[in-house]
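User: I am new to reading protein models, and I would like to learn how to go through one feature at a time. Could you take me through this one slowly?

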Amino acid sequence: MMFHLLILLILCMTATLITSFTNSPSMVRAQKLLLGEDQYDTRTARCDNSTILSTHDKKQTSTAKRSHKAPEDIPHHIAFICDGNSRWAELNSLPKSIGHTKGSARVIDLISSLTQRDVAVAGPGQRRREFEVGQSQVADHYRHIQYCTFFVFSTENWLRQKSETDSIFKLIEKVAIRYQDHDAVQNGRIRIEVIGDINDDRIPEATRNELNKLQSCSRVAAEERRVYEAHHDILTVCLAINYGGRADILQAAAALAESIVAGEVASDCINEKEISKRLLTSNIPDPDLIIRTGGEKRLSNFLLWNAAYAEIYFSDILWPDFDEKAMKDAIIWYQNRDRRFGGRKEKQSIHYNEVSGPINQSPV
């Protein structure tokens with residue numbers, strides 16, 4: 001009798017241990033792997049995962065509070081693929097020319113915001129969630145953005161109807177004339193650079209002349225400001241007109257070949273630097289952030305050489321509607337990127353205490 005009771009007791013204890021082990025977090029995760037999602041207890045999974053995520057969030061929050069990113073986390077050079085003008089016009093039952101006019105107005109408004117440098121964005125070390133709920137009051141400004149490039153007209157845009165390309169260049173001419181007298185240009189706060197082949201015979205001569213005038217007057221004013229102001233804050237605005245990334249690389253390679261033939265460069269000294277300094281973009285840094293509006297997800301032959309390590313942000317918003325909030329969202333997204341340029345950053349191992357938070361940090 002005692003033997004039977006002992007056997008029964010052992011069986012009960014074994015059943016209890018099996019039940020406890022089966023319901024443990026480790027076993028639950030093992031069940032998920034072995035049985036698959038369809039046979040997995042989703043209610044138990046949600047409870048287990050919520051516990052894990054809660055701990056993970058605590059670690060992230062504590063780490064975010066202790067980190068201090070520099071203003072360099074604001075991109076110094078932002079390039080824009082301003083897509084969606086024609087679709088915006090169609091959606092509003094308007095001619096395409098009105099869409100391009102609206103798009104050019106958005107470019108002007110954005111440049112004005114960048115020159116005013118008074119629109120706050122997420123500050124150093126802030127995550128988007130912290131910025132939105134107001135957990136941190138740290139803010140930065142557009143003043144850290146020193147270059148912006150707009151893809152105005154590509155080498156492939158010549159495939160469009162002549163009536164549309166004519167209207168685009170007429171609009172470019174009007175904007176160039178208007179901007180020559182703009183306070184920001186006259187005061188040297190903006191330097192205009194045109195990249196692309198504007199000597200193309202297909203470009204109206206009047207448009208070419210006004211673009212050259214705009215470049216010239218902005219350069220002179222910017223240089224004067226640089227001389228007389230020790231802490232100048234000049235924004236360089238690059239207009240990519242009749243520009244194509246492949247065409248730029250091709251002409252740079254041709255120029256390098258000529259230099260080799262002329263004996264100016266040794267054939268065994270060909271490197272990236274020799275190509276880069278012959279590009280149309282040689283006087284501006286590579287973009288940190290490329291923003292494409294309109295929902296398409298491609299570079300469309302834009303800054304192909306320069307975009308090697310750019311962060312690329314795609315927005316579904318059509319360019320004429322890409323407002324300050326959309327711009328802020330793009331910059332916050334960029335701030336949360338981990339830019340390693342092919343290398344690795346030293347990580348910190350954090351020993352976490354549920355009560356007091358991180359108690360020890362050491363390099364991994």
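**Reading a predicted model**

Analyst: Glu 274 counts as buried because its relative accessibility is 12%, where buried means under 20% relative accessible area, exposed over 50%, and partly exposed in between (1.4 Å probe, protein chains only). The model is a predicted one, in which local features need pLDDT of at least 70 and side-chain atom pairs count only at pLDDT 80 or more, while totals for chains, interfaces and linings use all residues. Residues are numbered from 1 along each chain as its sequence is written, and side-chain values use heavy atoms, with hydrogens and water left out.

User: Which residue meets the side chain of Glu 274 in a salt bridge?

Analyst: The general idea is that side chains of opposite charge can pair when their charged atoms come close. A salt bridge here is a side-chain nitrogen of Lys or Arg within 4 Å of a carboxyl oxygen of Asp or Glu. The partner of Glu 274 is Arg 278, at 2.8 Å from N to O, and Arg 278 is buried too, with a relative accessible area of 15%. Elsewhere, Asp 288, Glu 311, Arg 337 and Arg 339 are joined into one network by salt bridges that share partners. By this rule the count comes to 17 salt bridges.

User: How many helices and strands does the protein have?

Analyst: Helices (H or I, at least four residues) and strands (E, at least two) are DSSP runs, numbered from the N terminus. By that reading the protein has 12 helices and 10 strands.

User: Where do Lys 162 and Asp 166 lie, and how should I read their pairing?

Analyst: Both residues lie in helix α7, which covers residues 162-180, and they are four residues apart, about one turn of the helix. Their side chains meet in a salt bridge of 2.8 Å, N to O. Lys 162 counts as exposed because its relative accessibility is 61%, whereas Asp 166 is partly exposed at 37%.

Helix α9 (residues 205-228) offers another case, with Lys 213 and Glu 210 placed three residues apart, about one turn of the helix. The salt bridge between these two side chains is 3.7 Å, N to O. Lys 213 is partly exposed, with a relative accessible area of 46%, while Glu 210 is buried at 14%.

User: What does Leu 214 touch, not counting residues up to four places away in sequence?

Analyst: Contact means heavy atoms within 4.5 Å. With those neighbours set aside, Leu 214 touches Ala 176, Tyr 179, Gln 180 and Ile 192. Leu 214 is found in helix α9, and with a relative accessible area of 4% it is buried. Its C-alpha atom is separated by 8.8 Å from that of Glu 193, although the two residues are 21 apart along the chain.

User: Is Glu 193 buried or exposed?

Analyst: Glu 193 counts as buried, because its relative accessibility is 7%. Glu 193 lies in strand β5, residues 190-195, and its side chain makes a polar contact of 3.5 Å with the side chain of Arg 191. A polar contact is a pair of N or O atoms within 3.5 Å; within protein, one must be able to donate a hydrogen and the other to accept it, and residues adjacent in sequence count only if both atoms are side-chain atoms. Beyond four places in sequence, the residues in contact with Glu 193 include Gln 215, Arg 219, Val 237 and Asn 283.

User: How many residues does the largest nonpolar core have?

Analyst: A nonpolar core is a set of buried Ala, Val, Leu, Ile, Met, Phe, Trp, Tyr and Cys residues joined through side-chain atoms within 4.5 Å. The largest one has 43 residues, and those with the most contacts inside it are Phe 80, Phe 150, Val 237, Ile 241, Ile 291 and Met 327. A second, separate core has 11 residues, including Ala 79 and Ile 290.

User: Which value does phi of Asn 242 come near?

Analyst: Phi of Asn 242 is near 55°, a positive value in a residue other than glycine. Asn 242 is found in strand β6, residues 235-243, and it counts as buried at 5% relative accessibility. Ser 300 has a positive phi of about 50°, although Ser 300 is not a glycine either. Ser 300 sits in the loop between β7 (289-292) and β8 (311-314), and it is partly exposed, with a relative accessible area of 27%.
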